[in-house]
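Q: Please give a close look at the pairs of oppositely charged side chains in this protein. An account is also requested of some surrounding helices and strands.

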Amino acid sequence: MRGAAVLVAASGLLATVGGARAAETIAGRGQTGSYIVVLKPGAQLSAAVSRAAGRYGLKVSAVYSHALHGYAATIPADQLANLRADSSIAYVEPDQRVRQPRESIGAVTGSLTGTAARGNTPQDCLRANASDRTSARLHLCLRGLSMLSIAGVQPGVRPPSDPAMMRPLARPPNPSGCTTSPGDDRCEAWVARFDHAHINVFESPFGMAVSPTEDRIFVAGLDWDIQRGEQTMAIVAYDARTGRRDWAKLPFSGAGGGCGGCSALGIAVSPDGSRVYITGFTQDSDTSADVRTLALDAGTGATLWDKRYDRPAPSASVDIGQGIAASPDGRRVYVIASSFDSSSSAQHGVLIGYDASTGQRQWTSSAAYESASQIRVSGARVYTTGTGLNSDGSHFGITTTAHDGRTGARLWRSDYSGPGGAGGNDYGFDLTISPTGSRVYIAGYTTVGPNAQLSWLTAAYAGGDGRSLWTRRHAGQPGENVAQAIAASPTGDRVYVVGYTTGRDNLFKPTAVAYDAATGTRAWTETYAPQRYTGGQARGVAVSPDGSRVYLTGFNSNAAAGFDYLTLALDSANGAHHWVARYNSAYRSAACLSADGGFYLGQSPDGRRLYSAGSFDSYYDANQNDFGALAYDTAGGVEDPRPGRISAPPASACPQLLPWGVDRVDADVSSTQAGNGRGSVTGVHAYVIAGGVDPHNRELDVVKQVNFTIGPRHDCDGYGTAVAGVIGARDNAIGVVGVAPGVRLTSVKVVDCSGVGTLGQVLSGIDWVTEHAVKPAVADMSLRFAPSRALDDAVIASADSGIFYTVSAGNRASDCNEGSPARIGTHPGVMAVAATDQTGAEARFSDFGSCVSIWAPGYFLLTTALHGGDVFVSGTDFAAPHVAGTAALYLSDHPRTSPAALKRILVRDAVLTGFTSKDGTTPVLQAYAGRY
């Protein structure tokens with residue numbers, strides 16, 4: 001096969017696990033004083049730049065001479081009109097600031113991602129999808145994940161009963177001498193896994209609770225059968241001593257027994273251990289969802305009461321229960337919820353008090369433009385933290401509140417507005433209360449700096465009146481730093497916070513910090529980054545009853561083994577390691593990656609047993625993700641800092657995965673037979689214009705990196721790596737395979753590690769690609785701006801130079817003609833691509849309209865992840881790379897085909913799916929690679 005050059009321009013978003021996130025990059029405010037200046041044909045570029053700089057005081061930042069005839073510059077406000085009147089100038093438009101939203105990274109094999117909790121607020125999520133008012137999608141912005149987007153379906157049929165659900169689990173084999181001796185990783189007391197026994201069932205936990213009587217632990221979350229299209233809450237009870245599964249509850253709803261979209265998002269146990277309380281949501285229609293709260297018998301799982309809450313709103317509202325707590329006297333249950341009014345795009349935070357015995361709602365407290373992520377109770381007071389609109393309405397800050405648990409009356413609200421000002425938001429992830437109830441401590445992040453860097457934030461408030469006592473930021477080296485969980489010592493003298501930090505290497509590192517509770521003085525910092533480390537986070541924290549140890553759970557990875565479940569025991573005095581345990585749930589071989597990780601921690605009242613709940617990856621046994629639970633005996637010696645063994649079942653061979661999208665376009669029957677373990681598109685070059693591509697991912701052949709940002713040239717968030725995998729992941733019998741396997745990749749970076757870039761930087765990338773492309777070439781532009789003449793002209797000029805362009809249509813379920821460059825999809829040699837789901841229908845989130853000429857798979861796709869492993873993505877951003885790969889296959893054997901002719905051929909060979917686009921008339925025509 002002769003080679004072709006594939007040019008991939010990708011700047012947009014990954015959707016997260018769970019489905020059809022409307023993911024894209026939208027231009028924000030223009031850069032102050034920054035403009036794109038385009039010259040008239042015939043104007044001499046260097047002379048025009050020099051003359052304008054001298055006459056108008058311009059500061060030129062980039063010059064374009066291939067895709068565009070002009071430059072980017074900072075222009076004094078008093079000279080702008082004069083410049084526009086200059087006879088050499090065709091037009092001037094403001095430079096647009098691009099921010100790649102932080103929910104961009106999807107959940108890497110089992111809800112584990114380098115940036116899964118980077119910090120988009122629920123408001124950000126819901127506002128971004130405000131235009132989607134009729135689809136059955138329900139967007140959840142959660143504490144545990146940056147974003148979970150669940151595709152709702154009409155009520156379906158209850159799954160068949162599963163006898164295996166009640167079968168006790170045997171302890172997995174103890175591999176080759178895992179011991180409790182210093183220098184070795186710890187052996188688990190027990191390991192438990194919940195897999196609902198259906199192919200392609202996805203179970204994701206969102207909470208864990210330990211019975212105060214220590215007889216059981218409970219894990220709650222989402223059970224999603226992808227093939228059946230059924231979703232429900234899932235609650236599992238384990239025997240705390242043995243890990244035996246005592247019962248599992250999947251409470252469906254709806255007239256047909258199914259659920260349009262359901263999940264448990266919070267769990268609590270009554271003080272006497274007799275009841276388990278669950279909150280989350282139930283979606284029975286296309287346009288609304290209700291908070292759903294249940295009380296279950298802790299011994300049997302029987303439902304004691306089941307209540308719903310639908311906030312009165314002008315139109316159908318999306319109401320989501322996000323956290324739950326029980327009062328110390330056992331008389332009340334409190335639920336925090338977010339309510340989104342689709343007609344007004346208004347977000348309300350809701351706090352509900354229920355009678356614990358009957359489920360009768362006793363009171364409701366609601367506040368506009370707030371959302372709580374965590375709830376705690378001390379005596380008769382209920383405390384929450386999360387985010388809220390600041391007093392001048394410019395941006396969201398951290399909002400912490402106190403309510404009277406008897407009446408729901410708000411006692412105080414304290415706001416933190418970080419140094420990012422109107423340009424950055426702040427978010428509180430977790431809170432804890434001092435043993436005496438006199439202080440409230442919160443943990444989260446704040447936005448700082450011109451590049452919207454995230455800084456670890458910890459703050460203390462007086463429990464009585466909410467006065468700010470101290471605030472501490474922890475940023476370390478430049479990068480992103482987020483505090484995700486917090487706990488106070490039993491004596492009240494220290495506060496321990498865990499999360500992740502990044503440094504100059506841009507690797508996410510599990511980190512723990514100890515603060516003096518009275519002053520906020522940092523006592524110690526411990527970061528876990530062993531040899532061959534490539535990423536990870538800490539997600540949960542606990543302190544031993546005697547205060548001598550701090551425990552954290554999370555995940556860490558290395559290039560050879562993917563993500564491992566990580567649990568650490570630290571000395572509370574200085575952060576020294578007592579022991580380190582890393583658990584691999586399924587596979588341990590150089591040829592097979594898995595991903596496991598802990599999210600929640602609990603312990604027995606006597607401190608002898610530590611419990612962790614999280615996710616186990618199980619891609620290679622044909623499932624997707626399972627509940628995972630581990631128990632550790634806490635006694636032991638000091639851990640040797642050298643890498644120890646990892647406890648896991650014996651190594652197993654695992655097959656390469658053929659993603660359904662690659663299969664659907666029939667790349668597996670193309671000339672390379674993608675998926676057979678040996679096909680390759682030789683001599684092909686792919687230029688990925690995005691936030692970079694991981695040069696060390698063994699699934700990708702990265703031959704060059706070009707950088708137009710200030711930061712490092714490699715991928716920092718995984719987006720470009722995921723786009724590249726859809727186009728050309730190698731056919732090497734491991735991981736996943738792309739449409740055009742083995743294409744050579746050049747990374748053209750235009751967005752920095754914070755997901756921030758400018759139109760000027762993107763134009764520089766297009767200009768460079770236009771000049772250096774090895775033709776024949778395909779360029780995939782997976783980004784969306786507000787309408788931009790300069791961007792449109794640059795793409796058109798690049799296409800006219802002989803480069804075939806695929807561009808993403810957009811992900812707002814609206815007209816694709818409302819944004820650039822999608823609106824030029826009618827131009828010869830430029831193809832705007834909309835997305836289909838697994839049925840062949842146009843995806844609910846996909847844009848549509850006259851600029852769309854072809855569709856491709858864009859929902860819940862598996863592709864390559866940053867630092868190895870796999871990632872689920874959704875969006876037209878990932879439909880377009882399927883077409884780019886298809887075009888590359890054709891050009892590899894027909895290198896002289898013009899872009900205009902290639903567009904006609906791709907449309908000619910596409911296949912009808914039997915569905916119609918949202919416009920009601922246009923048939924959906926899906927790309928087909930099987931003939932090339």
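The answer takes up the salt bridges, and then a helix contact and two sheets.

A: This is a predicted model, in which local features need pLDDT of at least 70 and side-chain atom pairs count only at pLDDT 80 or more, while totals for chains, interfaces and linings use all residues. Residues are numbered from 1 along each chain as its sequence is written, and side-chain values use heavy atoms, with hydrogens and water left out.

The count comes to 22 salt bridges (a side-chain nitrogen of Lys or Arg within 4 Å of a carboxyl oxygen of Asp or Glu). One of them joins Asp 847 to Arg 784, with 2.8 Å from N to O. This pair links distant parts of the chain, 63 residues apart. Asp 847 sits in the loop between strand 46 (830-836) and strand 47 (852-857), whereas Arg 784 belongs to the loop between strand 44 (777-782) and helix 7 (789-800). Helices (H or I, at least four residues) and strands (E, at least two) are DSSP runs, numbered from the N terminus. Both Asp 847 and Arg 784 are buried (under 20% relative accessible area; exposed is over 50%, partly exposed in between, with a 1.4 Å probe and protein chains only).

Another salt bridge joins Asp 909 to Arg 931, and its closest N and O atoms are 2.8 Å apart. Because Asp 909 lies in helix 9 (residues 899-909) and Arg 931 in the segment after strand 51 (923-926), the pair ties together parts that are 22 residues apart in sequence. Asp 909 is buried, at a relative accessible area of 5%, whereas Arg 931 is exposed, at 57%.

Asp 239 and Arg 241 also form a salt bridge, with 3.0 Å between the closest N and O atoms. Here Asp 239 is buried, at a relative accessible area of 5%, and Arg 241 is exposed, at 63%. Salt bridges can also join into a network, as they do among Asp 215, Arg 216, Arg 244 and Asp 246.

Helix 7, which follows the loop of Arg 784, meets helix 6 (residues 759-772): their axes come within 10 Å and cross at roughly 10°. Helix 6 contributes Leu 759, Val 762, Leu 763, Ile 766 and Thr 770 to this contact, and helix 7 contributes Ala 790, Leu 791, Ala 794, Val 795 and Ser 798 (contact means heavy atoms within 4.5 Å).

Two sheets complete the account. The four strands of one open sheet follow the order 21-22-23-24 with antiparallel pairing (two strands pair if DSSP finds at least two bridges between them). Strand 21 (370-378) and strand 24 (410-416) are its edges, and each pairs on one side only. Inside this sheet, nine bridges connect strand 22 (residues 381-389) and strand 23 (residues 396-404) in the antiparallel sense. Arg 381 has Asp 404 of strand 23 as its bridge partner.

The other open sheet has the order 25-26-27-28, again with antiparallel pairing. Strand 25 (427-433) and strand 28 (468-474) each have a single partner strand, so one side of each is left without a neighbour in the sheet. Strand 27 (residues 453-462) runs antiparallel to strand 28, and six bridges join them. One bridge partner pair is Ala 459 with Thr 471, the latter in strand 28.

Technical notes. Axes are lines fitted to C-alpha atoms, for helices over the stretch in contact, and angles run from 0 to 180 degrees between N-to-C directions.
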